[in-house]
Amino acid sequence: MDASTLSRIGLAGLAVMGQNLALNIAEKGFPISVYNRTTSKVDETLLRAQSEGPFSLTGHYSPRDFVLSIQKPRSIIILVKAGNPVDQTISALTEFMEPGDTIIDGGNEWYQNTERRIQQVADKGILYLGMGVSGGEEGARHGPSLMPGGSFEAYKNIESVLKSVAAQVDDGPCVTYIGEGGSGNFVKMVHNGIEYGDMQLISEAYDVLKNVGGLSNSELAEIFGEWNRGELESFLIEITSDIFKVKDNLVDGDLVDKILDKTGMKGTGKWTVQQAAELSVAAPTIAASLDCRYLSGLKEERESAAEILKEAGLEEEVGSVKSGVDKKRLIDDVRKALYASKICSYAQGMNLLRAKSVEKGWDLDFGELARIWKGGCIIRAVFLDRIKKAYQRNPNLASLVVDPEFAREMVQRQAAWRRVVGLAISAGISTPGMCASLAYFDTYRRARLPANLVQAQRDLFGAHTYERTDRPGAFHTEWTKLARKSSASAFS
C-alpha cells in the first residue's frame, strides 16, 4: 500500500467498547484501521464512522489486510474478552507483524497474563502494553482514563494518540505511563476494587436514608444531586441522583424499585481482594463490598431466611428507630459517614498499590494515579484532586488516613459516622462497607491492640513465640504448665 494511505493505528475487537474507542481515535484526527473476526461488526463500525463523522476509518476483514494497512512501526489495540480470546487474537495478528511493532491490550486482563504475553511476543521483537481503560462505553467514545503499562518504547510510539483520546482535566489528559510489566492492568484492577467499595457505600447510604429516614425516591434524587455539588461530587453520586428520577415505562412507579436486588460482577473485585490477602494488606471495605455481591446473589435463600427468622420471633426494628429520627440531621450524618468511609476505602486501595509496587519494583506515582482518575473513569471525583495533593505533599505517605488534611476531616466526621453505623445496627439495616471502614479507622488509629492476646494464644498452642514491649528478642512460654501451677498454688 502507498505509505500515505496507511493508518496511524489499528484496533481489533469491535464490541461497543472497541467501536467507541476507534471512533474516538478517528475523531481526534488519527486515521485508524479496524478489524473484527465477525465481519458484521466491521460493517457496523464503518456505518457509524460515516454517520458520526465522517472519520478516517477503514475496515478490514482479514488479519493480514488489517496489519498491513497500518504504518510502521505498527501499533495495534486489541479489545476482546480477557483470557484465551486475547491469546488467539495475538496469535492471528503477530503472524503478519514485524519487530518493533506494538500490541496494546485494552481489556480487563489479569496482570500476570500480560507479563506472560510480554515475554512471548518479545521473542518476535514485538513490544507490548497492557492498558487499563476506564469509563465504560461513554468514556471510550468521548474520553476515558487510560492506564498503560509495559514497554516504555511502545508507550512513546502512541503517546500522542493516547493523550488526545483520553479525558481532559485541568491538569492534563487522563493518561500516564504507569510502569513496567503488568502494572497498567494491576492499577486498573485496584481502580475497579475501589469502584466496588464506592458503589457499596453509596448503596448503604441509600438504604439508611430510605428505610430509616423514610425518604422517597424524589427526595433521594434531590439529596444526591445536592451532594454532587459539594465534597462528594463524583460520577457515581451524579448517576445515583439520575437513577432515582427514572420512571418505569412498563408499570407505575420508579424503575429502581423494580430492579432485582442481585448484583453482577466480572472478577476484578475478587482479584483485588485476593491480591490484598496475598500481600497482607488490609482492605476490609473492598472485601465487604465483594461479600455483599455474593450475598445479594443468594436471593432465594435470603427470602427464605427472612421468613424463618420472622417465625422464630425476630422483629423488624426499623419502625421503632424511624419514629425517633431527625431526618435533617440523618441526611447530614449520612453524608459525613459516606465521605469518611470513602477515605478509608481509597486508603486501602492505595496501600495495596504501594505494596505491589514495592514487590515488583514498579515505582508507581500515586499522586499521578489519582490525577488520571479525575476524569473519564467510573470513580472520577473532585475528591481525587485532594488525594493527588496529599501524595504530592508526601510521596511516602503511609496512609491517606494520616495525611494532615484528611486526618482532620476524619476526626470532624467521626461522631456522625458512628451515629449512622449505630443507628443502622439498631434498625437491623446492614452497612458492611461503612462498618468495615469505621473498624479500619478505629484499628489503624489505636497505638495498642488486643493482638497481644492472639499472639499469646498462638504461642500456647503452636509455640510460635512472641515479642515483648520492654525488651528485644523472641520468647516462648510454657503457658499451660505455668497456668496449672498457678492454679494449684492458689488452692493449696
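This is a short walk through one sheet, two helices that pack on it, and one buried arginine, R141. Please keep in mind that the model is predicted.

I'll start with the sheet. It is open and has seven strands, in the order β3-β2-β1-β4-β5-β6-β7, and the pairing is mixed. At the edges are β3, residues 57–60, and β7, residues 145–150; each of these pairs on one side only. From one strand to the next, the twist averages 25°.

As a reminder, strands of a sheet pair through backbone hydrogen bonds, either parallel or antiparallel. In which sense do β1 and β4 pair? Strand β1, residues 9–12, and strand β4, residues 75–78, are parallel, with three bridges between them. If you want a place to look, find G10, which stands opposite I76 in β4.

Next, the helices. Helix α5 covers residues 111–122 and packs on the sheet, where it touches β5, β6 and β7. The direction of α5 makes about 150° with that of β6. Helix α7, residues 152–165, also packs on the sheet. The strands touched by α7 are β1, β4, β5, β6 and β7, and its direction makes about 30° with that of β6.

Last, R141, in helix α6, which spans residues 136–142. Is R141 buried or exposed? Its relative accessibility is 7%, and buried means under 20%, so R141 counts as buried. What is R141 in contact with, leaving aside its neighbours within four places in sequence? The contacts are N20, L23, N24, E27, R48, E52 and F55.

Key:
Residues numbered from 1 in each chain as written. Predicted model: local features only at pLDDT ≥ 70, side-chain atom pairs only at ≥ 80, totals over all residues. Heavy atoms only, no water. Pairing = 2+ DSSP bridges. Helix = DSSP H or I, 4+ residues; strand = E, 2+ residues; numbered from the N terminus. Axes fitted to C-alpha atoms, helices over the stretch in contact; angles between N-to-C directions. Contact = heavy atoms within 4.5 Å. Buried < 20%, exposed > 50% of the residue type's maximum accessible area, 1.4 Å probe, protein only.
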